[in-house]
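Thanks for sending this one over. Here are a few notes to read with the model open beside you.

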Amino acid sequence: MKLNKYLKDKTYAFILSIISYILIILILLAFKVSKDLIVLIIAILIIFFILMLGIDYFRKRGFYCDLLNKINYLDKSYLVLEMINKPDFYEGKILYDDLYNINKSMIENIKIQEEQLQDFKEYIEMWIHEVKIPLASLVLTLNNHKKLFDNKTKRQLKRLEDDVEQVLYYVRAENANKDYLIKDIDLAMVVKRVGLKNMDDLLDNKIAFKVENIPYQVLTDAKWLEFILGQIINNSIKYKRSIKNAYIHIWAYDDDKQVTLVIEDNGIGIPSSDIDQVFDKTFTGENGRKQGTSTGMGLTICKNLCTKLGHQITIESKQGEYTRVYLSFFKNKYFEVLK
Amino acid sequence: MPKIMIIEDDEVISKELKELLQSNGYRVALIKDFTNTLNEILSYSPDLVLLDINIPYMNGEVLLQNLRKKSNVPVIMVTSKNTEVDEVLSITYGADDYITKPYNPNILLLRIGAVLKRTSKNTNIINYHDLEINISKGLITKGDTEVILTKNEMIIFSYLLNHQNRIVTRDELMTDLWNNDEFINDNALTVNISRLRAKLKDIGYYKAIETRKGLGYILS
């Protein structure tokens with residue numbers, strides 16, 4: 001609250017006071033009151049006018065400055081009412097009470113939204129678990145009656161499975177709920193599981209799957225990591241080049257602070273104009289448009305999951321040559337000590 | 001022949017699962033009525049139980065806890081809930097493994113095989129006619145002669161040995177190889193099989209591994 005702005009706001013009081021002083025002076029002059037007395041009366045009036053404004057200004061200043069200050073410093077400014085005292089002047093009380101009511105109705109509204117979102121999330125999760133039952137029976141039926149179905153059916157089924165999985169992890173990544181469990185995981189085991197899961201696709205596409213020795217334990221949620229790696233490998237398969245020695249090469253290194261897993265392919269790569277946006281929601285880029293089947297969600301979900309787990313994911317690529325994805329797992333000193 | 005009990009309330013899944021396990025040389029029992037599951041398991045005394053978490057009357061996790069009070073039979077939890085928390089809980093309750101639906105049938109078979117192997121006596125040495133096969137050393141012994149197999153050849157040979165007189169598909173072999181961190185391609189599999197054949201031929205088994213066109217291989 002600034003003095004000059006406050007005074008400007010009180011212009012009407014100045015004008016009215018000046019008019020009243022002029023009137024008083026004129027009346028007193030008409031009654032032939034001595035000039036000294038006139039000066040004295042006007043002086044008293046002016047002093048009291050200034051006192052009145054001053055008191056009013058300082059009462060309000062205390063409250064408003066406190067309010068503005070705390071709004072600026074709070075990261076959730078809607079909580080400011082919890083931090084300030086109720087003012088003792090009338091306008092301030094109105095403002096305070098109204099802010100309180102507005103806040104209350106907003107919180108109620110958010111609560112309803114949150115509940116709806118939670119219900120929706122739970123429904124989707126439940127639905128996914130439901131839909132996996134017919135999927136599982138389809139997989140088994142297909143396997144038991146290989147002669148009735150060709151590889152196309154199997155591939156479509158795999159796609160269906162992957163898409164359902166993606167929805168599940170989207171829901172998990174976008175919600176504040178903690179449905180993950182971080183513990184020591186053997187990185188090589190997760191890589192193997194992802195490889196096995198995508199074995200058919202890799203073999204069909206004649207992509208060599210080269211995995212170096214990965215002797216590291218990392219702190220992560222195995223299921224989430226499996227999904228993240230699955231998405232990365234799916235992308236490598238999807239955006240491969242039709243060359244003879246197409247490969248996916250996986251290795252890892254430890255540089256004291258973190259363990260980094262590298263997934264490299266020699267696929268079509270990502271244009272440099274697109275590389276900064278690959279993690280953006282629904283961004284498909286040049287490659288996605290060419291392929292026509294990209295949703296632009298895979299890497300976004302990966303990024304969100306990584307953020308939640310505390311991992312770092314980065315991509316570097318040279319168009320027409322390679323794409324490298326780096327997944328970094330930070331070491332937790334505290335956890336090491338606990339062990 | 002190991003006995004496996006399937007506890008699964010979805011009829012299509014349990015029927016197909018039964019077919020899959022039977023064609024892979026297991027004896028299979030299903031449960032139709034879930035009111036008295038625990039006693040049914042105990043009276044059948046299977047070598048392994050495939051247990052779904054979502055079954056009628058009693059949740060699979062509770063059933064597992066009750067079962068563990070009375071029996072040490074190996075249990076593989078099979079479920080569509082794929083969170084780490086559920087997995088850790090199941091293992092804490094005493095499950096031997098945890099597989100999520102939808103599962104790859106070959107992988108399921110491998111995991112069943114692994115659990116059965118872990119719980120039975122260690123069979124590191126297998127006999128095949130007059131051959132003695134030491135799996136961990138990768139060694140075949142016939143009298144005084146020794147033949148060394150590479151890791152890949154040993155994985156293939158031991159898979160065939162464990163499924164004798166049954167057609168083994170390339171897909172199954174491939175899955176087992178990948179499961180052992182040997183991420184090879186189709187050509188390499190063919191090469192490994194012909195090398196294995198050559199080595200068997202050297203010690204007098206000319207046509208031990210036969211090719212069944214379009215189906216796979218059979219060790220007789």
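The points below go through the cores, the contact between the chains, and the domains of chain B.

1. Please keep in mind that this is a predicted model. Everything below is computed from it.

2. A good place to begin is the largest nonpolar core, which has 59 residues. Those with the most contacts inside it come from chain A (A:Leu187, A:Val190, A:Ile228 and A:Leu229) and from chain B (B:Ile156 and B:Leu160). Helix α8 of chain A, residues 222-238, gives the largest share of this core, with eight residues.

3. You might like to click on A:Val190. Apart from its neighbours within four places in sequence, A:Val190 is in contact with A:Ile185, A:Ala222, A:Leu225, A:Glu226 and A:Leu229.

4. There is also a second, separate core, made of 31 residues. A:Val139, A:Leu140, B:Leu21 and B:Tyr26 are among them.

5. Now for the contact between the chains: 26 residues of chain A are in contact with 27 residues of chain B. On the chain B side, the elements giving two or more residues are α1 (11-23), α4 (84-93), α5 (105-119) and α7 (170-179). The largest share, six residues, is from α1(B). By class, this side of chain B has 13 nonpolar, eight charged and six polar residues.

6. Lastly, the domain assignment splits chain B into domain 1 (3-119) and domain 2 (125-219). Their centres, taken over C-alpha atoms, are 30 Å apart. Four residues of domain 1 are in contact with seven of domain 2. On the domain 1 side, two of these residues are nonpolar, two are polar and none is charged.

Methods
Residues numbered from 1 in each chain as written. Chains lettered and ligands numbered in written order. Predicted model: local features only at pLDDT ≥ 70, side-chain atom pairs only at ≥ 80, totals over all residues. Core = buried A, V, L, I, M, F, W, Y, C linked by C-beta atoms within 7 Å. Buried ≥ 20, exposed ≤ 12 C-beta atoms within 10 Å, placed from the backbone. Helix = DSSP H or I, 4+ residues; strand = E, 2+ residues; numbered from the N terminus. Contact = placed C-beta atoms within 7 Å. Nonpolar A, V, L, I, M, F, W, Y, C, P; charged D, E, K, R; others polar. Domains from an automatic or database assignment.
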